[in-house]
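Hello,

Here is the structure I promised to pass on to you. Please open it alongside this message, and then read on for what turned up in it.

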Amino acid sequence: MKGMRSVGILATGSHTPEKVLTNFDLEKMVETSDEWIVSRTGIRERRICGPDEASSDLALEAAKKALAKANVSAEELDMIIVATVTPDMMFPSTACILQEKLGAKKAAALDVSAACTGFLYGIATGSQFIASGLYRYVLVIGVETLSKITNYEDRNTCVLFGDGAGAALLGPVQEGYGFQAFELGADGSGGQLLCLPGGGSRTPASAESVTNNLHYISMAGGEVFKFAVRVMNSATEAVLEKSGVAKDDIDLLVPHQANKRIIDSAVQRFGLSEDKVAINLQRYGNMSSASIPVALDEAIQEGRLKEGDNVVLVGFGGGLTWGATLLKWSTQEA
């Protein structure tokens with residue numbers, strides 16, 4: 001970022017559906033138990049959108065909250081980036097649908113597909129437009145309606161996922177604050193470990209693909225778990241090194257909310273106390289690209305961040321993908 005404008009997060013917003021699906025509800029649907037789910041994942045409940053709700057509907061509510069907090073109008077937005085694997089439809093992009101709903105008439109709009117790492121890919125992309133001076137305000141939203149692609153007869157996956165949206169308004173901040181470094185990566189050789197097999201050009205929708213459950217999430221849980229533990233740690237170490245920040249100087253870690261055991265591994269690796277880690281998966285489950293921005297928004301609402309704090313956002317997801325960033329926290333617009 002040297003020689004470029006400093007970019008940070010000016011405001012955040014989040015929204016989750018009203019309907020709650022608890023572990024006890026799932027006990028009535030598949031062969032599982034609250035004790036089994038909590039002990040292996042840390043999840044107790046998740047939010048589920050209604051049959052008439054789509055990703056753009058959740059994104060709209062999160063976006064409006066972020067813009068209101070920053071006192072920035074939709075008309076001032078230069079770009080909208082929506083990170084999602086559950087778009088309203090294949091095209092137009094959910095970002096374009098959201099642009100119309102917001103009334104952000106001058107904003108460019110695009111979707112990013114990097115699964116659970118999508119929000120990090122989105123802010124890394126959006127921040128460059130601001131750093132270069134091309135744009136001033138970029139709205140990045142991670143949103144998922146994973147209940148639409150979850151097989152509630154598959155006990156290995158249905159206990160994990162939930163719906164929600166988190167938004168971050170990016171803009172210029174005072175020099176030295178905001179994003180200090182990014183670490184993004186991918187390993188396409190592991191793509192089949194976490195995927196949605198049906199619905200694309202490889203396997204278009206058909207009676208056969210529906211019968212074979214190819215439009216539901218497919219995951220090799222054990223392999224993804226091992227990958228997640230490894231890259232959560234390595235990506236965090238990479239942004240610390242790039243930023244010249246010691247692990248003892250992390251003020252808040254906001255990890256992807258996939259599994260409590262994965263988060264615990266990172267916490268132990270970096271010697272962090274519980275008050276320095278944002279965890280909300282017990283209430284929401286894995287919301288994929290929405291997990292990090294929702295957790296960040298809630299941490300801000302709880303007063304857990306102050307000016308100058310070192311904040312690490314880190315995640316991993318299908319692709320396989322991973323990403324991390326370190327911010328020197330400031331919401332003061334330059």
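One term is needed before we start: a residue counts as buried when its relative accessible area is under 20%. Please also keep in mind that this is a predicted model.

With that cut-off in hand, let us begin at strand β4, which covers residues 79-83. Of its 5 residues, 5 are buried, so the strand is largely enclosed by the rest of the structure. The side chains go two ways: Met79, Ile81 and Ala83 point to one side of β4, while Ile80 and Val82 point to the other, and all of them are buried.

What does β4 pair with? One partner is strand β5 (residues 108-112), which joins β4 in the parallel sense over 5 bridges. Across that pairing, isoleucine 81 stands opposite leucine 110 of β5. Another partner is strand β6 (residues 138-145), also parallel to β4 and joined to it by 5 bridges. Here isoleucine 80 has leucine 139 of β6 as its bridge partner. If you trace the chain from β4 through helix α4 (residues 94-102) to β5, you will follow a right-handed β-α-β unit.

As general background, strands of a sheet pair through backbone hydrogen bonds, in either a parallel or an antiparallel way.

Next, have a look at an open sheet of 4 strands, ordered β8-β13-β12-β11, in which the pairing is mixed. Its edges are β8 (178-186) and β11 (252-255), each of which pairs on one side only. From one strand to the next, the twist averages 10°. Within this sheet, β11 and β12 (residues 310-317) run parallel and share 4 bridges. One residue pair to find there is valine 254 with its bridge partner in β12, leucine 313. Helix α11 (residues 291-301) lies across β11 and β12, and its direction is at about 145° to β11.

Last comes a pair of helices. Helix α8 (residues 221-243) and helix α9 (residues 260-270) have axes that come within 9 Å and cross at roughly 35°. Their crossing is right-handed. Among the residues making the contact are Phe225, Val229 and Met232 of α8, and Ile262, Ile263 and Phe270 of α9. Sorted by class, this contact has 9 nonpolar, 3 polar and 3 charged residues.

I hope this helps you find your way around, and I look forward to hearing from you.

Best wishes

Notes
Residues are numbered from 1 along each chain as its sequence is written. This is a predicted model: local features need pLDDT of at least 70, side-chain atom pairs count only at pLDDT 80 or more; totals for chains, interfaces and linings use all residues. Side-chain values use heavy atoms; hydrogens and water are left out. Two strands pair if DSSP finds at least two bridges between them. Axes are lines fitted to C-alpha atoms, for helices over the stretch in contact, and angles run from 0 to 180 degrees between N-to-C directions. Contact means heavy atoms within 4.5 Å. Buried means under 20% relative accessible area, exposed over 50%, partly exposed in between (1.4 Å probe, protein chains only). A crossover is right-handed if, with the strands pointing away from the viewer, the path from the first strand over the helix to the second runs clockwise. A crossing is left-handed if the near helix is turned anticlockwise from the far one by less than a right angle, and right-handed if clockwise. Ala, Val, Leu, Ile, Met, Phe, Trp, Tyr, Cys and Pro count as nonpolar, Asp, Glu, Lys and Arg as charged, and the others, Gly among them, as polar.
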